[in-house]
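Okay, thanks for squeezing me in this morning. I'll put the thing up on the screen and then walk you through it piece by piece.

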Amino acid sequence: MNAIDARAILFSSIEGGSTFWTREIDALGPIEVVGKLRTKGYDPIRFEKTIAKASAVEPSHVFEEISSCGSQFLTPEDSRWPSKLNDLSAMPIGLVVKGSIDALYLSSLAIVGTRNPTNYGVRVAGDFAAGFVDREWAIVSGGAYGIDAAAHRGALVAEGVTIAVLAAGIDVNYPGGHAQLFAEIVETGALVSEVMPGVRAIPARFLTRNRLIAALSCATLVVEAAFRSGSLRTARDAAELMRPVMAIPGPITSPTSEGCHRLIGERAAEVVTSVADAVEFVSAYR
Amino acid sequence: MTLGQSLSVALIGLEGQLVTVEVDIADGLPGYVLLGLPDAALTESRDRVRSALVNSSEHWPNRKVTVSLSPAWMPKSGSSFDLPIAIALLSAQQLIPTERSMDVLYLGELALDGHIRGVRGVLPSLIAAHKAGITTAVVPFANRIEAQLMSEMTILPMEHLRQLLRWLRTGERDEAQELELAFEIEEGINDFSDVAGQDRARRAAEVAAVGGHHLLLMGPPGAGKTMIAQRMPGILPALTREESLEVTAIHSIAGGLSTRSPLASDAPFVAPHHSATRVAMVGGGSHTIRPGACSLAHRGVLFVDEAPECDSGVLDSLRQPLESGSITIARAVGSVSYPARFLLVLAANPCPCGKFSGRGRNCTCTSQQVRRYLGKLSGPLMDRIDLRVQVDPLSRVELSRPELGESSASIRRRVISARATAAHRFDKELWKLNSEIPSRALRTTYQPEREAMNFLHSELDRERITARGLHKVMRTAWSIADLAGHIRPTIADTQLAYTLREGTGS
């Protein structure tokens with residue numbers, strides 16, 4: 001068993017976003033961790049499910065499953081692994097990537113926001129995506145309805161590269177209405193997922209997915225977010241990674257801009273009002 | 001002679017057909033046969049007619065009575081045949097002279113004591129009779145106001161069978177007091193001056209009234225969406241006599257469903273509840289096919305509050321009338337078309353709980369609920385809505401502003417003059433309103449100024465607007481230009497039309 005086989009076993013049996021496992025793998029190496037799991041070297045009650053899975057799974061099956069949906073398994077051992085991800089305290093064990101892996105190296109901007117945007121938000125997200133694409137940035141987002149979709153579409157309209165980080169399996173078209181959008185994204189960009197194909201999206205996976213969006217991009221832009229919003233999580237994740245966070249202000253009467261104003265008020269995000277502003281602000285971090 | 005005849009009208013939808021009621025009294029076992037596809041209410045007419053005749057001291061023939069309503073193939077319904085059957089029965093017995101009873105149209109239901117009761121559909125029946133060349137009609141006293149609208153005919157409103165028989169026998173008639181036939185203009189009830197602030201929504205309402213554009217008002221509860229919608233008829237031009245006849249005819253068929261005064265010249269305002277069924281919206285029924293809300297709103301305003309709460313399919317059922325201006329309903333008894341050319345006003349909250357405004361912290365809806373709620377409004381129906389306006393909650397300044405807003409009367413004056421401009425421009429065309437300009441004409445004769453077109457094309461290139469949306473914006477721009485007195489929509493008109501469609505910007 002080599003390190004990649006070991007990572008395949010761990011990838012399919014451990015839920016992403018856990019700092020504990022990242023530390024273990026860092027300290028012992030993936031082969032050791034698999035061995036320790038299979039010999040019940042970890043608390044057998046607390047890790048019951050993980051141990052059962054890790055003991056049963058066959059690496060070849062994992063590779064087969066991933067390649068059968070036209071995607072590749074990427075691990076930190078791979079020379080193509082995007083080093084941006086190494087800043088994460090809960091570094092992913094591996095990633096399933098569909099489309100162009102090279103897209104992951106480009107300087108990229110994450111554009112995130114509410115799933116129920118106003119026309120203003122849709123327009124701004126699209127404009128910023130297109131504006132950054134024109135300056136040869138890639139656009140990273142979550143592939144959800146609303147701002148995410150507007151950002152992806154804006155990048156595609158400007159014939160740029162865009163990356164969707166999905167919370168579900170790479171072959172699960174979630175949300176359902178975006179099958180066509182995902183197909184277009186794959187043509188030049190990439191779909192990225194931290195779970196095995198066929199796995200459904202559950203709320204916890206959206207939060208762990210958000211940290212990947214923040215880590216895969218050089219900077220994060222929040223376009224429209226309500227007071228409680230998952231995109232604020234992405235912004236905090238980006239701030240923890242010491243990556244610049246920007247927010248678009250909106251009317252103070254608009255509830256969908258409440259989250260952006262909160263970030264700005266807490267000095268957690270820089271106010272940007274034009275593409276040029278934003279480019280100038282982030283160029284130092286490129 | 002033991003044969004008697006009288007005339008009446010059967011309605012299929014708005015279309016009336018002259019019906020000859022024939023009565024034959026023959027020897028044989030006493031009995032009563034009613035021919036000509038009667039429905040339940042009509043079959044019961046035998047007992048009403050008998051009691052009414054006997055209680056009016058008339059003679060009921062204890063012989064074999066055959067009543068035939070022809071044309072026999074046509075299904076007939078309702079109680080309005082009571083009176084013509086009674087007259088034909090009496091004339092078969094030679095109890096009334098035929099010279100006056102012939103060529104007169106009879107409509108009315110009989111009470112057991114001989115009183116004549118009001119019925120539905122008097123006006124469309126009279127219109128049909130007039131077309132068939134009838135000049136005199138006897139109608140129930142209760143329907144006299146509606147009947148007087150048919151001023152080309154001699155209308156004889158009667159309260160009691162005895163009163164009618166006296167006229168038939170002697171030609172004498174109690175002169176009914178002459179009715180004031182002036183159109184009522186209801187004023188001051190729903191006036192735009194009551195609406196505080198909301199300049200944008202008012203502007204959109206005005207533009208909608210000029211061009212007949214459909215309107216979506218989106219905003220939190222209490223912002224004034226319903227108030228604005230209710231005031232829309234007040235700024236639409238008054239109905240002409242032909243339009244008023246048409247509208248009253250539909251409301252007459254709907255009967256008790258409608259409380260509209262027959263003489264009102266205001267555009268009708270119909271606001272079905274969001275729990276309304278598809279049948280309530282477009283019309284239907286098994287015996288008689290009644291008009292639905294969209295036909296009652298013909299030449300007026302159809303307002304659907306809380307539109308996303310409507311059952312799926314109810315709003316979509318409005319697509320045919322929105323497209324063609326009429327609705328065709330097919331049932332076992334036949335297929336009927338009612339006119340339905342209305343201005344659609346939809347209102348929606350920002351989310352199911354209605355609290356997603358301002359800072360939005362009290363809103364309890366999940367993102368998916370909001371998506372599903374607003375998703376009901378998307379698709380083909382929204383394609384037909386030209387104006388989408390955000391109605392914000394009133395600000396303190398707007399609330400405390402002492403002066404009243406502009407009154408409906410002065411807005412209406414502007415609307416009328418803008419409509420006249422449009423009508424003059426479309427003199428040689430097949431359409432009258434800006435919302436009806438076909439796409440082909442928009443590409444050729446009716447293009448806005450070049451600068452405005454450049455703006456629209458750049459929006460199209462950036463995929464901010466679809467080709468269909470482009471045409472919608474151009475139509476709205478024409479209405480705005482008509483209001484502003486521009487010969488052709490300018491860039492400012494077009495940009496305003498664009499923001500009114502998108503629901504954003506200022």
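Quick bit of vocabulary before the sheet: two strands pair if DSSP finds at least two bridges between them. And keep in mind that what you're looking at is a predicted model.

So, with that in hand, look at chain B. There's an open sheet there made of five strands, in the order β11-β14-β17-β10-β18, and the pairing is parallel. The edges are held by β11 (269–270) and β18 of chain B; each has a single partner strand, so one side of each is left without a neighbour in the sheet. Zooming in on one of those edges, β11(B) pairs with β14 (residues 301–304) of chain B in the parallel sense, over two bridges. If you want a residue to click on, V270(B) sits opposite L302(B) in β14(B).

While we're in that region, have a look at P233(B), which belongs to helix α10 (residues 232–235) of chain B. Is P233(B) buried or exposed? Well, 20 or more C-beta atoms within 10 Å is the cut-off for buried, and P233(B) has 26 C-beta neighbours inside 10 Å, so it counts as buried. Setting aside its neighbours within four places in sequence, the contacts of P233(B) are D266(B), A267(B), P268(B), F269(B), G300(B) and V301(B). There's also S408(B): 175 residues away from P233(B) in sequence, but 9.3 Å away in space, C-alpha to C-alpha.

Still in chain B, there's a hairpin. It's formed by β15(B) and β16(B), with two residues between them. Strand β15 (residues 326–331) and strand β16 (residues 334–339) of chain B run antiparallel and are joined by six bridges. One facing pair there is A330(B) and S335(B), the latter in β16(B).

Zooming out to domains: chain B is divided into domain 1 (3–170), domain 2 (192–411) and domain 3 (437–506). The centres of domain 2 and domain 3 of chain B, taken over C-alpha atoms, are 24 Å apart. Their contact takes 13 residues from domain 2 of chain B and 13 residues from domain 3 of chain B. On the domain 2 side, α8 (199–211) and β18 (387–390) of chain B each supply at least two residues, and α8(B) has the largest share, with five residues. By class, that side splits into six nonpolar, three polar and four charged residues.

Now over to chain A. Which helix is largely enclosed by the rest of the structure? That's α1 (residues 3–13) of chain A: nine of its eleven residues are buried, so the rest of the structure largely encloses it. Among the buried ones are I4(A), L10(A) and F11(A). The cover over them includes α3, α4 (48–56), α5 (59–68) and β1 (72–74) of chain A.

That α3 has another partner. The axes of α2 (residues 19–28) and α3 (residues 30–38) of chain A come within 7 Å and cross at roughly 115°, which means α2(A) is roughly perpendicular to α3(A). From α2(A) you get E24(A), I25(A) and L28(A), meeting P30(A), E32(A) and V33(A) in α3(A). By class, this contact has four nonpolar, no polar and two charged residues.

Last stop, the two chains together: 16 residues of chain B are in contact with 13 residues of chain A. On the chain B side, helix α15 (residues 367–375) of chain B gives the most, with three residues. That side divides into three nonpolar, six polar and seven charged residues.

How values were computed. Residues are numbered from 1 along each chain as its sequence is written. Chains are lettered from A and ligands numbered from 1 in the order in which they are written. This is a predicted model: local features need pLDDT of at least 70, side-chain atom pairs count only at pLDDT 80 or more; totals for chains, interfaces and linings use all residues. Helices (H or I, at least four residues) and strands (E, at least two) are DSSP runs, numbered from the N terminus. Axes are lines fitted to C-alpha atoms, for helices over the stretch in contact, and angles run from 0 to 180 degrees between N-to-C directions. Angles under 35 degrees count as roughly parallel, over 145 as roughly antiparallel, 65 to 115 as roughly perpendicular and the rest as oblique. Two residues are in contact if their C-beta atoms, placed from the backbone, lie within 7 Å. Ala, Val, Leu, Ile, Met, Phe, Trp, Tyr, Cys and Pro count as nonpolar, Asp, Glu, Lys and Arg as charged, and the others, Gly among them, as polar. Domain bounds come from an automatic or database domain assignment. A residue is buried if 20 or more other C-beta atoms lie within 10 Å of its own, exposed if 12 or fewer, and partly exposed in between; C-beta atoms are placed from the backbone.
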